[in-house]
Amino acid sequence: MLLTISTTREPATDLGFLLHKHPDRVQEFPRAFGTAHVFYPEATDRRCTAALLLDVDPVRLARTQGKTTPDFSLGQYVNDRPYAASSLLSTAMAEVFRTARSGRCAARPELAGTAIPLEITLPALPCRGGPALARRLFEPMGWDVTADPIPLDPAFPEWGDSRYVTLTLTGELRLADALNHLYVLLPVLDDAKHYWIAEDEVDKLIRAGEGWLAAHPDLTLITRRFLNRRTALTRAAFARLAEVGDDAEETLEPPAEEEVRIPLNTLRRDAVVAALAELQARSVIDLGCGTGQLITALLDQGVPKITGVDVSAHTLMVAARRLKLDRMGSRTRERVDLFQGSVTYTDARFAGYDAAVLMEVVEHLDPPRLPAMERVVFGAAKPAHVLVTTPNAEYNPRYENLTGLRHPDHRFEWTRAEFRDWARSVAARYGYQVEFRAVGDDDPEVGSPTQMAVFGKEDPA
Amino acid sequence: MTEISVPKMSLVVLVGVSGSGKSTFARRHFKPTQVISSDYCRGLVADDENDQAATPAAFDLLHHIVGVRLRRGLLTVVDATNVQWKARQALVALAKSHDVLCDAIVLDVPEEVAVARNAVRPDRDFGSHVIRRQRNDLRQSLSKISRDGFRRVHVLRGDEIDDAVISYERAWTDKTDLTGPFDIVGDVHGCASELDTLLAALGYVDGVHPDGRTAVFVGDLVDRGPDSPGVLRRVMDMVERGAALCVSGNHEQKLVRALDGRKVRVAHGLEKSLEQFALEDEAFNVRAKTFMQGLISHYVLDGGKLVVAHAGLKEEYQGRASGRVRSFALYGDTTGETDEYGLPVRYPWAEQYRGRATVVYGHTPTTLAEWVNNTICLDTGVVFGGRLTALRYPERELVSVPAEKVWYEPARPLTSRGREPDVLDIGDVTGDRYVETPGGTIKVREENAVAALEIMSRFAVDPRWLVYLPPTMAPPETSKKDGYLEHPDEAFAEFAAAGVTRVVCEEKHMGSRAIVVLARTPDDARARFGVEGAGTVFTRTGRPFFAGDLQDRFVAGLREAFAPLLEDSPWLVLDGELLPWSAKAGELIRGQYASVGAAAGAALPVAVRALEAAAGRGLDVGSILDRARRREINAARFREAYARYCEPVSGLSGLRFAPFQILACAEGATAVTRPHDWHLDRLAAVAHPLVHATRHTYVDLEQEDQRGAAVDWWTALTDAGGEGMVVKPVAHPGGRVQPGVKVRGPEYLRIIYGPDYLESLDELRRRFLGRKRSLALREHSLGVEALSRLAAGEPLHRVHEAVFAVLALECEPVDPRL
């Protein structure tokens with residue numbers, strides 16, 4: 001909520017001309033969610049400091065936005081927005097210092113075009129990525145960066161640092177550039193914008209980034225975060241930046257900020273598809289279908305009837321969109337069915353399939369709930385075949401950075417022996433035979449990363 | 001007057017040419033909604049009742065409507081010509097597929113009458129040849145209609161049509177007017193001596209119960225045992241005297257056919273009966289055969305709440321009549337396969353049973369009579385050396401006597417059917433649902449059930465433990481007092497206005513709501529909840545509180561703590577708060593509250609200094625500076641407010657459970673509705689480091705000084721950092737009165753409304769409480785309902801339905817700050 005800009009370029013009070021705000025006046029700019037104040041805590045020839053104080057009223061913020069607020073953190077009264085240098089501050093700054101940001105200054109035109117010694121402080125800057133990222137983003141433009149982490153609560157040292165830093169930037173830059181750096185990078189560091197991202201955001205980014213952004217080593221991260229990870233907009237921005245003439249070409253290729261997973265997903269899916277083909281399954285129910293990757297693969301394979309079931313209605317919505325169900329031709333559409341269901345509730349709609357697939361599902365169930373799932377799938381739905389895949393816990397030490405389980409929602413991960421014991425006992429209880437397969441690189445010592453059981457009904461009556 | 005009698009639940013097919021007066025007849029005798037006419041359906045699908053091209057579509061619709069009505073058990077009348085065999089055949093098949101009887105009423109009017117009637121109707125512009133053709137069809141039909149499959153064909157001619165009176169016959173199975181009490185007796189199989197012993201144990205004296213109870217036999221009185229004639233004699237005497245009812249078993253059916261000289265395979269103990277009958281005189285043989293022949297497939301008793309059938313009966317067959325209903329009732333849900341002993345494989349229909357009626361049956365011998373989804377099999381294999389068992393209804397008590405010897409070797413060894421894992425069905429929870437509770441019927445909307453299904457499936461504890469979820473609680477009307485959003489005065493006023501005279505104020509603990517289920521031993525848990533383990537603790541959304549063995553250790557500690565209460569009751573369900581807040585909410589505190597505190601702590605002092613410097617320069621920043629200074633103080637208080645509820649916890653140490661209500665226990669299964677002093681007195685007896693007492697004070701609302709003292713108590717509590725208090729009527733209120741309201745302290749509310757909320761009180765006072773209060777009432781009713789169902793021994797799916805509904809309602813959007 002507070003930003004100070006100081007210069008020691010004498011006469012320092014010329015800062016008032018550059019900012020178009022008189023050093024001896026206290027000015028007020030009403031905003032939808034509070035008031036922005038500009039005042040000068042010091043204004044001498046040797047050093048002049050302008051302060052922008054944004055007084056956010058969280059109650060007003062919550063009340064004016066209502067239920068449709070795009071950013072849920074704003075819907076709450078307990079909110080860091082009144083204190084932190086967030087995108088609210090960045091947009092307020094952009095408007096209050098609009099002329100300064102454009103680099104126009106009728107009174108001191110030369111000064112506006114000159115790099116001057118500047119010091120900028122932000123006492124509480126939300127910084128997703130920590131002090132290191134703050135340095136990484138500001139240093140390429142010539143800033144000296146001090147970013148001190150703020151502890152969460154001094155009384156509870158065991159809680160560690162908060163996501164805020166106290167940021168001080170010093171350097172010799174044009175004031176307009178400095179303001180534009182802040183305008184773009186504050187929301188990037190905050191990584192939670194407060195309004196809907198529209199097409200014209202790309203324009204704003206291009207304008208504010210003129211002369212520095214295209215060459216920034218972290219162009220991809222900045223663009224993606226500023227545009228709130230909207231892939232389409234990000235691509236548009238990259239294309240425009242390329243037009244501007246910078247060598248942004250290479251960044252046009254797959255923007256991959258998230259860690260690149262080894263394609264175990266693909267291996268697993270291929271293994272399941274191959275097993276189903278071997279079994280000549282003509283109807284398949286994918287229990288826990290997620291967003292429908294296996295469904296797509298089975299459609300390609302020509303399996304005549306494919307049903308996807310997931311417990312999350314939202315995931316199914318994404319799957320339907322991804323599969324483009326509403327635009328599918330009627331012959332294809334008839335092959336696919338999606339509905340919400342749960343593997344711990346018996347469901348008549350699960351019955352009558354050649355094969356049921358439980359791909360990476362069982363490890364999301366609490367162990368005491370497994371018998372219910374077994375009964376629902378093997379006892380009630382009784383497909384001719386059941387395919388189960390699950391992580392092999394023995395393989396985990398092969399993942400360098402892995403501590404604990406592979407996914408926060410995994411309730412357990414089985415060793416090969418545990419998985420086999422479980423599968424054999426289920427098979428014995430429900431009249432199935434079972435065989436096991438390795439999925440992925442089969443390490444002689446610890447086995448494959450994923451293990452698969454293929455169950456076949458003994459008496460397919 | 002011609003009386004036509006049709007079954008109460010049936011399909012009535014009117015037959016007659018166009019103009020024979022079917023519609024007039026239907027209008028006179030039946031409700032408009034009972035009559036489905038082909039003309040009307042033609043209109044619906046073609047906008048023209050006479051568009052003959054639309055006839056196939058019209059009949060599609062007609063059959064659909066009729067089918068839905070029959071499925072729902074409604075008397076339905078079809079108003080169409082039905083003069084052709086094909087048309088009638090389709091309707092007879094439809095009735096049969098819904099297991100209802102079908103009668104035909106033929107209106108046989110002279111051709112000239114029909115032609116004359118049609119002539120005066122401008123919409124009937126077809127020629128008289130159409131009527132003639134229909135007359136011919138009808139004439140041909142009349143000679144053979146008795147073979148169409150109608151239960152009865154009523155033919156009306158001339159004046160009979162206008163004079164007819166319709167009466168309704170009750171189905172033979174319909175004994176809903178008999179309300180018992182009953183003693184339902186399992187398969188006897190010729191064990192006459194054991195039957196006499198059991199009847200004596202039940203209190204019958206020479207076949208009559210002094211209290212007027214009625215015995216109900218589930219069939220299979222005969223075969224295998226030593227004295228089938230003796231058993232029959234006893235039962236026939238009782239039935240004839242009105243002291244007993246009896247449904248048919250499969251063994252009676254087969255014995256009758258054997259006695260009739262029909263060819264049957266003499267096995268499974270039939271040989272014993274035949275030997276014994278050969279020694280009886282002719283008069284007995286005739287009497288017994290007549291009796292057995294007259295036995296019907298099942299009875300629906302006690303206003304529809306009880307069904308007795310030999311092999312059980314699924315809901316859609318109850319009270320219905322058809323070959324397959326009879327076959328199900330006698331033989332069960334057979335799959336046509338046989339097992340390794342050559343006995344038919346029976347489908348476990350009871351596992352899927354969801355009907356409201358209790359079904360009592362026999363047929364499948366087991367070692368123990370056990371309830372499965374409101375059904376119970378009483379065949380405990382007396383003839384195989386097991387026991388003869390009876391069920392007292394409505395008491396639901398089992399009475400049994402042992403076999404005197406093994407009278408017959410079983411073909412397959414007797415086993416317990418074993419407890420099924422109580423798997424729930426998706427149909428138990430999805431779709432728009434209407435849950436009956438003491439507070440009225442509560443609707444659960446489909447979209448909320450959709451959200452709840454995910455939470456329930458992915459995160460909740462085993463549904464057998466999940467016998468309750470706590471309701472949300474509303475604050476009282478918003479206070480207008482300066483500096484307060486909530487104040488005890490409004491709570492007291494609200495309850496006083498509702499006629500409540502005595503309330504209890506309970507300290508509101510700032511922690512995480514926790515429901516604790518405890519059993520004295522794992523055996524007690526298995527017996528009561530059907531689940532392994534000795535207890536559990538879960539959150540207000542049904543999640544287990546802790547991961548791994550900490551959960552078990554916590555439960556073990558609580559079992560030790562509540563040992564005094566577990567002496568009186570082998571199991572307990574407790575409502576309380578788990579402390580400290582940080583034990584469960586650590587992530588939320590760090591991510592939300594402490595973060596805000598950290599940002600404020602870093603930014604505000606700097607802002608104050610900058611403003612002070614500006615003021616030092618003579619700039620007019622007075623009001624901005626004042627406000628910044630106030631916010632600095634507010635932020636510090638906010639930090640204190642959350643930090644107060646944070647304590648380091650490691651393992652069990654530091655954890656405390658603060659109980660305030662016994663939701664259920666063996667002695668008062670719905671303890672939840674007992675007065676709060678009962679709860680608090682009992683809980684006060686528990687002293688243990690794991691248990692945190694709930695401070696409380698009682699207030700007589702008519703005593704002004706007591707109200708004042710309670711306000712002081714609240715003020716002291718909140719000044720010392722307490723969250724606030726909950727005010728509850730001491731006696732369970734019922735109706736539209738809130739079961740409790742929470743009055744939170746002004747400092748605590750900073751955590752809810754933000755550090756500076758006191759600066760915006762007027763704005764915040766415009767909060768809307770109605771939805772929250774309605775939700776609190778509905779969820780409370782559902783919780784009480786879940787516990788009453790648990791107490792009444794209802795099946796898991798019934799308890800789960802009410803618990804699931806609470807979770808679904810919690811998915812409704814409500815201001816989370818209330």
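This is a short talk through the two chains of a predicted model, A and B, and the place where they touch.

Hi everyone, and thanks for coming. Please keep in mind as we go that everything here comes from a predicted model.

Let's start with the big picture of chain B. It holds 26 helices and 31 strands. If you turn the C-alpha trace along its principal axes, it spans about 115 × 80 × 55 Å. The radius of gyration of chain B is 36 Å, while a compact globule of 818 residues would come out near 28 Å.

Now to the contact between the chains. How many residues of chain B are in contact with chain A? The count is 47 residues of chain B, against 52 residues of chain A. On the chain B side, the elements that each supply at least two residues are strand E21 (424-425) and the helices H14 (446-459), H19 (581-616), H20 (622-643), H23 (749-753) and H24 (761-765). Which of these gives the most? That is H19(B), with 18 residues. In terms of chemistry, the chain B side that touches chain A divides into 30 nonpolar, 6 polar and 11 charged residues.

There is also strand pairing across the chains. Strand E11 of chain A, residues 345-346, pairs with E21(B) in the parallel sense over 2 bridges. If you want a spot to click on, A:Thr346 stands opposite B:Asp425 in E21(B).

Let's move into chain A and look at its sheet. Seven strands, in the order E10-E9-E8-E12-E13-E15-E14, form an open sheet with mixed pairing. At the edges sit strand E10 (336-340) and strand E14 (432-439), each pairing on one side only. From one strand to the next, the twist averages 15°. At the E14 end, E14(A) pairs with strand E15, residues 450-457, in the antiparallel sense over 8 bridges. Within that pair, A:Glu435 stands opposite A:Val454.

Helices lie across this sheet too. H12(A) lies across strands E8 (283-287), E9 (305-310), E10 and E12 (355-359), and runs at about 180° to E9(A). Helix H13 of chain A, residues 313-323, lies across E9 and E10, at about 160° to E10(A).

H12(A) has a helix partner as well. Two packed helices are described by the angle between their axes and the distance between the axes. For H11 (264-278) and H12 (293-301) of chain A, the angle is about 40° and the axes are 10 Å apart. That angle makes H11(A) oblique to H12(A), and the crossing is right-handed. Who makes the contact? From H11(A) we have A:Arg269, A:Val272, A:Val273 and A:Ala277, and from H12(A) we have A:Gln293, A:Leu294, A:Ala297, A:Leu298 and A:Gln301. By class, that is 6 nonpolar, 2 polar and 1 charged.

Back in chain B, there is another helix pair to show you. Helix H9 (228-240) and helix H12 (282-294) of chain B pack at an angle of about 65°, with axes 11 Å apart. Here the crossing is left-handed. H9(B) brings B:Pro229, B:Leu232 and B:Met236, and H12(B) brings B:Phe284, B:Arg287, B:Ala288 and B:Phe291. This contact has 6 nonpolar residues, no polar ones and 1 charged.

Chain B has a hairpin to look at as well: E22(B) and E23(B), with 2 residues between them. The strands, residues 433-437 and 440-444, pair in the antiparallel sense over 5 bridges. B:Thr437 has B:Gly440 in E23(B) as its bridge partner.

Last, some backbone details. Most residues other than glycine have a negative phi, and most peptide bonds are trans. Where do we find cis bonds, then? One runs from A:Glu10 to A:Pro11, with omega near -5°. A:Pro11 sits in the loop between strand E1 (2-7) and helix H1 (15-19) of chain A. Another joins B:Gly180 and B:Pro181, with omega about 0°, and B:Pro181 is in the loop between strands E8 (174-175) and E9 (182-185) of chain B. As for phi, B:His189 is not a glycine, yet its phi is positive, about 50°. You will find B:His189 in the loop between E9 and helix H8 (192-202) of chain B.

That's my tour, and thanks for listening!

Definitions and conventions: Residues are numbered from 1 along each chain as its sequence is written. Chains are lettered from A and ligands numbered from 1 in the order in which they are written. This is a predicted model: local features need pLDDT of at least 70, side-chain atom pairs count only at pLDDT 80 or more; totals for chains, interfaces and linings use all residues. Axes are lines fitted to C-alpha atoms, for helices over the stretch in contact, and angles run from 0 to 180 degrees between N-to-C directions. Helices (H or I, at least four residues) and strands (E, at least two) are DSSP runs, numbered from the N terminus. Angles under 35 degrees count as roughly parallel, over 145 as roughly antiparallel, 65 to 115 as roughly perpendicular and the rest as oblique. A crossing is left-handed if the near helix is turned anticlockwise from the far one by less than a right angle, and right-handed if clockwise. Two residues are in contact if their C-beta atoms, placed from the backbone, lie within 7 Å. Ala, Val, Leu, Ile, Met, Phe, Trp, Tyr, Cys and Pro count as nonpolar, Asp, Glu, Lys and Arg as charged, and the others, Gly among them, as polar. Two strands pair if DSSP finds at least two bridges between them. The radius of gyration is taken over C-alpha atoms; the globule rule is 2.2 Å times the number of residues to the power 0.38.
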